[in-house]
Amino acid sequence: MNRSERVKMAAGEWYACLDAELEALRIVARDAVFEHNSLPPRQRGDVGPALKSLLGAVGEGARIEAPFHCAYGFNIFLGDGVFLNAGCIILDTAPVRIGKGTLLGPNVQIYCAEHHKEAAGRQAGVEIAKPVEIGDNAWIGGSAIILGGVSIGDGAIVGAGAVVTRDVAANTTVVGNPARPVRRG
């Protein structure tokens, strides 16, 4: 039985992103993002109406500043009081779960897609989706980049500009490229 590229993407298997069904879903997301980014702030509220209905979950008091960009939207789950500052990008080919009270600085980028290692695979649009989990009350500094497959624990701090390539333990501060724990004392 042939499985769709969307099913393969959701299962965390290699899939072809250059697919009509996936493109149609990205168009829906682009329309919702456009509305969110174009509405006057008082009219938009915390999250534009189309984007709010597209996201997997939006907790009480969660806010996304404009501009914002996402790939699909339905894979993004925001806890209560989550704040995404202006310029955040979430390429949500896999689930992205952001725990309550977590703050993302401006221009934070979360990339769930990992492209194929072979040039021919990349040209064919072959990629694999890896989820990202950010715990409660974490702080992600401006322009940090979080790669797919990473888990960031409760209360963790990711310094501005850090590139997070591996898991970050709860209540740990990481900085740099690649991000490394800050030594205390």
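**Entry 1: around I152**

I began with I152 and listed its contacts in this predicted model. Setting aside neighbours within four places in sequence, I found I152 in contact with E133, I134, G135, I140, I146, V158, V164 and V168.

Next I looked up the largest nonpolar core, which has 47 residues. I152 turned up again there: together with F68 and I110, I152 touches the most other members. Which elements supply at least two residues of this core each? I noted α2 (20–38) and α4 (49–54) among the helices, and β4 (68–70), β5 (76–78), β7 (88–91), β8 (96–98) and β13 (132–134) among the strands. The largest share comes from α2, which gives five residues.

**Entry 2: the parallel sheet**

Two contacts of I152, I146 and V164, sent me to the strands. I146 has V164 as its bridge partner in β18. I then checked the strands themselves: β15 (residues 145–147) and β18 run parallel and are joined by two bridges.

How many strands make up the open sheet with β15 and β18 in its order? I counted five, in the order β4-β7-β10-β15-β18, with parallel pairing. The edges are β4 and β18 (163–164), each of which pairs on one side only. I was pleased to meet β4 and β7 again, since I had already noted both as suppliers of the core.

**Entry 3: the antiparallel sheet**

I moved on to an open sheet of three strands, and here the pairing is antiparallel, in the order β1-β12-β11. Its edge strands are β1 (15–16) and β11 (113–115), and each pairs on one side only. Between β11 and β12 (residues 126–129) I found three bridges, with the two strands running antiparallel. One residue to remember for the next entry is A113, whose bridge partner in β12 is A129.

**Entry 4: the largest pocket**

Last, I turned to the largest pocket, which holds about 320 Å³ of space. Which of its 18 lining residues lie nearest the centre? I wrote down L91, T93, A113, H115 and E127, so A113 is back.

Which strand gives the most to the lining? That is β11, with three residues. I also noted that α2, β4 and β11 each supply at least two lining residues. For α2, this comes on top of its five residues in the core.

By class, I recorded nine nonpolar, four polar and five charged residues in the lining.

Conventions. Residues numbered from 1 in each chain as written. Predicted model: local features only at pLDDT ≥ 70, side-chain atom pairs only at ≥ 80, totals over all residues. Heavy atoms only, no water. Core = buried A, V, L, I, M, F, W, Y, C linked by side-chain atoms within 4.5 Å. Buried < 20%, exposed > 50% of the residue type's maximum accessible area, 1.4 Å probe, protein only. Helix = DSSP H or I, 4+ residues; strand = E, 2+ residues; numbered from the N terminus. Contact = heavy atoms within 4.5 Å. Pairing = 2+ DSSP bridges. 1 Å grid on protein atoms, 1.4 Å probe; cavity = no way out; pocket = protein on both sides within 12 Å on 5 of 7 lines; lining within 4 Å. Points joined across faces, edges and corners; volume = space filled by probe spheres on them. Nonpolar A, V, L, I, M, F, W, Y, C, P; charged D, E, K, R; others polar.
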